[in-house]
Amino acid sequence: MTQKPLELILARNLMSALSTPAFLVDEGGVLVFYNESAGLLLGKRFEELGTVGPQEWGSMFGPFDDSGAQLVYDELPLVKAVRNGRPAHAEFTIRSTDGSLHEVEAAAFPILTAHGSQGAIALFWPTGGGQNGAGPG
Amino acid sequence: MKAKLWGTRGSIPAPGPETIRYGGNTSCVGVTLSDGSLLALDAGSGIRSLGLSLGDEPARLHILLTHLHLDHIQGLVFFAPAFRPQTEIVIWGPASPEASLRDRIARYISAPLSPVEVRELPCDVSFRHCPETEWEIGPARIRAASVSHRGPTLGYRIDDGDSSLAYIPDHEPALGADLDQLEEDWISGFDLARDASLLIHDGQYSDAEYPAHVGWGHSALSHSLTFARRAAAERTVLFHHDPMHSDQFLDELGAQANRDWVDLGGRDGAVEIGAERTEYELAARALSPAATA
């Protein structure tokens, strides 16, 4: 196992203490952690899921736009943040494992260090309340 | 490889009758590699005594700084070899986006804090940012990695032949984390300390003191022991003692550390409180059961 960069370790430690749903990807876009609040939103704890590859996590829980179409992976805030080294923001709908839908705002920012980008963090704010249903897609 | 403790104290020198056995000088460890090359780990006030012990030798030495807090650099302007024109000194330390290593150190070695400026040092001194990848000094392979402390801070690992020394004097790996439960690759400093023959690690606080110092960048005793156990260090020296800790307090802390270490399944006597002038000969470590499986 390769040691994680300190900045990711500290980010995970901080996220573990937050009640705001938060997601962490490494410099390759691999989802390496999300906190308990994010687990409640998604309906699955990170410990149950484990690390997930870049394309895979982008489609596991939607996300969908207003019309119900799945968002393009490249347009997700977390992906933009880690690729471009700039913050990104979006509103979309995600589907948790029980099929309920959640409208959220997501803000992502890159983790930039003296040694370059180490990954990115995304914070989610539920905005429209939950809704049950099979959901689009 | 040999390691000698020249300064074991953290924060500020604490000389006096109550600290005479464990020492009052701030962080410095002298390391003699198998070919005789000399490294100094940190340049707290202990490096003054190290410098005096060297006489006119060596002609070349390396100083590896973990970070630039005063207790780790305050001995630089009292290091006798720095005032000899025939000495070449290479100072390694953490990079910072703010300024070069030389410029950051020059804030201390300059007026009004110092009577001499860096450019006035008679020795041939150079400053290098530690690379992200392993590098070599003499027969040793050196690795530096950022560790959990306040500001840019490194820990070091030195491998010379089959023996290894991990030096992480300022470290709070348990900040916001449960070291017992965390996966190894998510533990700050783990790779540096993994299977080390000797781990010199932050031991600043007792468990009772730690709650008042969360986030200050140092460990409670139980954190240090858990870190050492997870990393499977063969021998652990607790270091960077709080300036308020008397010899008597450290005697009691050491006894507690050894009891707790044995309770964790460790070898009796494999954990100790670092005392100034103690020297360690690092032999090749015996293969652990995990390594032989």
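**Exercise 1. Is His213(B) buried or exposed, and what does His213(B) touch?**

Step 1. Start with the cut-offs: buried means under 20% relative accessible area, exposed means over 50%, and partly exposed is in between (1.4 Å probe, protein chains only).

Step 2. His213(B) has a relative accessible area of 17%, so His213(B) counts as buried.

Step 3. Now place it: His213(B) sits in the loop between S11 and H4 of chain B. Helices (H or I, at least four residues) and strands (E, at least two) are DSSP runs, numbered from the N terminus.

Step 4. Leave aside neighbours within four places in sequence, and His213(B) is in contact (heavy atoms within 4.5 Å) with Glu172(B) and Tyr205(B).

Before you go on, a word on the model. This is a predicted model, where local features need pLDDT of at least 70, side-chain atom pairs count only at pLDDT 80 or more, and totals for chains, interfaces and linings use all residues. Residues are numbered from 1 along each chain as its sequence is written, chains are lettered from A and ligands numbered from 1 in the order in which they are written, and side-chain values use heavy atoms, with hydrogens and water left out.

**Exercise 2. How many residues of helix H4 of chain B are buried, and what do they pack against?**

Step 1. Helix H4 covers residues 221-231 of chain B, and nine of its 11 residues are buried.

Step 2. Among them are Leu221(B), Leu225(B), Phe227(B) and Arg230(B).

Step 3. The partners of these buried residues are S10, H3, strand S11 (198-202), strand S12 (236-239), helix H5 (247-263) and strand S13 (271-273) of chain B.

Step 4. Look at S10 (residues 163-168), which holds Ile168(B). Ile168(B) has 0% relative accessibility, so it counts as buried. Not counting residues up to four places away in sequence, its contacts include Leu199(B), His201(B) and, from the helix you just studied, Phe227(B).

**Exercise 3. Which residues other than glycine have a positive phi near 60 degrees, and where do they lie?**

Step 1. Recall the usual case: most residues other than glycine have a negative phi, and most peptide bonds are trans.

Step 2. Ala232(B) has a positive phi of about 60 degrees although it is not a glycine. Ala232(B) follows H4(B), in the loop between H4 and S12 of chain B. At 30% relative accessibility, Ala232(B) is partly exposed.

Step 3. His240(B) also has a positive phi, near 60 degrees. You'll find His240(B) in the loop between S12 and H5 of chain B, and it is buried, at 0% relative accessible area.

**Exercise 4. Which peptide bonds to Pro63(A) and Pro112(B) are cis or trans?**

Step 1. From Gly62(A) to Pro63(A) the bond is cis, with omega near -25 degrees. Pro63(A) is in the loop between H4 and H5 of chain A.

Step 2. From Ala111(B) to Pro112(B) the bond is cis too, with omega near 0 degrees. Pro112(B) is in the loop between helix H2 (101-106) and S6 of chain B.

**Exercise 5. What lines the largest cavity?**

Step 1. On a 1 Å grid over the protein atoms alone, a cavity is a set of points where a 1.4 Å probe fits but cannot get out, and lining residues have an atom within 4 Å of a point. Grid points are joined across faces, edges and corners, and a volume is the space filled by probe spheres set on the points.

Step 2. The whole structure has two cavities of 30 Å³ or more, and the largest holds about 220 Å³.

Step 3. Its lining has 16 residues, with Phe23(A), Trp57(A), Pro63(A), Phe92(A) and Phe124(A) nearest the centre. You met Pro63(A) at a cis bond.

Step 4. Sort the lining by class: 14 nonpolar, two polar and no charged residues. Here Ala, Val, Leu, Ile, Met, Phe, Trp, Tyr, Cys and Pro count as nonpolar, Asp, Glu, Lys and Arg as charged, and the others, Gly among them, as polar.

Step 5. Try the second largest cavity: about 80 Å³, with 11 nonpolar, no polar and no charged residues in its lining.

Terms used. 1 Å grid on protein atoms, 1.4 Å probe; cavity = no way out; pocket = protein on both sides within 12 Å on 5 of 7 lines; lining within 4 Å.
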